[in-house]
Amino acid sequence: MVCVLHAISSIAVMGAHYGLGWDEAVYLSQINGHVPAGLFTAPRSRGMTLVAAPVTLLTSSLVLLRVWLSLVTAVFMYLGFRLWLRLVDGYVVPLAALLFSLLWTTVYYGFQAMPNLYVALIAVPLTALVVAYLRDPSRRWRLAWIAACMGAMALVRPSDALYVTGALLVAVLAFRTAAIRARLLLAGVVAAGFA
């Protein structure tokens, strides 16, 4: 329910016809046959271009793009917070998702082709996977998902992914209840995923 409300909130508050900002226009123009590509400078990354591609390749409709991005962020939110349901009991996870979805930045960026919210929405499941692996290192399949999340975050915005990588590496190495071998393996996977 929280994720459905999130999908609706940006469109309801900001309006489906909310105009493109400069950064959005640059991201969207990279894989859009309807407009020439804008100047793609070094701090940008291709992640947002790929997220918007299913719409921008077919049409230049701003309303369709806003609806698509609202749905994508709602699905990311659902998948990310769902992983926490196995780690935390009770109402904590839905409440956390609700509080996160009520932030003005979440509402504001919820339907925009900007990497800010996507970094956060990838960090949520990434952190849950790291915690789950540290609790039970025998489930090594989680390492592949951790690497995939790190890679996706770096694809969306490498500079923000660097901060998340640093924080996760410190947390992983400081977590004393898991064996040092498991922690070093996890740290290597986090770093490799970012790379």
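In the predicted model, helix α7 (residues 115-135) and helix α9 (residues 158-174) pack at an angle of about 20°, with their axes 12 Å apart. The two helices, α7 and α9, are therefore roughly parallel to each other, since angles under 35 degrees count as such. Their crossing is right-handed. On the α7 side, the contact is formed by Val-119, Leu-126, Val-130 and Leu-134, which meet Asp-160, Val-164, Leu-168 and Val-172 of α9. By class, seven of these residues are nonpolar, none is polar and one is charged.

Helix α7 also packs against α8 (141-156). The axes of α7 and α8 come within 9 Å and cross at roughly 160°. An angle over 145 degrees counts as roughly antiparallel, and α7 and α8 are therefore roughly antiparallel to each other. The crossing of this pair is left-handed. From α7, the contact draws on Pro-115, Tyr-118, Val-119, Ile-122, Ala-123, Leu-126, Leu-129, Val-130, Ala-132 and Tyr-133. The partners contributed by α8 are Arg-142, Leu-143, Trp-145, Ile-146, Cys-149, Met-150, Ala-152, Met-153 and Val-156. The contact of α7 with α8 comprises 18 nonpolar residues, no polar residue and one charged residue.

A further partner of α7 is helix α4 (residues 62-84), which packs against α7 at an angle of about 20°, the axes being 8 Å apart. That angle makes α4 roughly parallel to α7. The crossing of α4 and α7 is left-handed. In α4, the residues in contact are Leu-69, Val-72, Thr-73, Phe-76, Met-77, Gly-80, Phe-81, Leu-83 and Trp-84. In α7, they are Leu-117, Tyr-118, Leu-121, Ile-122, Val-124, Pro-125, Thr-127, Ala-128, Leu-129 and Val-131. The contact of α4 with α7 contains 16 nonpolar and three polar residues, and no charged residue.

Certain residues of α7 take part in two of these contacts. Val-119, Leu-126 and Val-130 meet α9 and also belong to the contact with α8. Tyr-118, Ile-122 and Leu-129 of α7 contribute to the contact with α8 and to the contact with α4.

The largest pocket of the model encloses about 640 Å³ of space. Its lining comprises 27 residues, with Leu-83, Pro-125, Leu-129, Trp-145 and Cys-149 lying nearest the centre of the pocket. The elements α3 (47-56), α4, α7 and α8 each give two or more residues to this lining. The greatest contribution comes from α8, with eight residues. In the lining of the largest pocket, 20 residues are nonpolar, two are polar and five are charged. Of the residues nearest the centre, Leu-83, Pro-125 and Leu-129 also take part in the contact of α4 with α7, whereas Trp-145 and Cys-149 of α8 belong to the contact with α7.

The second largest pocket has a volume of about 180 Å³. The residues lining this pocket are Met-1, Val-2, Cys-3, Val-4, Met-77, Tyr-78, Phe-81, Arg-82, Leu-85, Val-93, Pro-94 and Ala-97. Two or more lining residues come from each of α1 (2-14), α4 and α5 (92-102). Here α4 gives the most, with four residues. The lining of the second largest pocket divides into 11 nonpolar residues, no polar residue and one charged residue. Met-77 and Phe-81, both part of this lining, are among the α4 residues in contact with α7.

Notes. Residues are numbered from 1 along each chain as its sequence is written. This is a predicted model: local features need pLDDT of at least 70, side-chain atom pairs count only at pLDDT 80 or more; totals for chains, interfaces and linings use all residues. Side-chain values use heavy atoms; hydrogens and water are left out. Axes are lines fitted to C-alpha atoms, for helices over the stretch in contact, and angles run from 0 to 180 degrees between N-to-C directions. Angles under 35 degrees count as roughly parallel, over 145 as roughly antiparallel, 65 to 115 as roughly perpendicular and the rest as oblique. A crossing is left-handed if the near helix is turned anticlockwise from the far one by less than a right angle, and right-handed if clockwise. Contact means heavy atoms within 4.5 Å. Ala, Val, Leu, Ile, Met, Phe, Trp, Tyr, Cys and Pro count as nonpolar, Asp, Glu, Lys and Arg as charged, and the others, Gly among them, as polar. On a 1 Å grid over the protein atoms alone, a cavity is a set of points where a 1.4 Å probe fits but cannot get out, and a pocket is an open set with protein on both sides within 12 Å along at least five of seven lines; lining residues have an atom within 4 Å of a point. Grid points are joined across faces, edges and corners, and a volume is the space filled by probe spheres set on the points.
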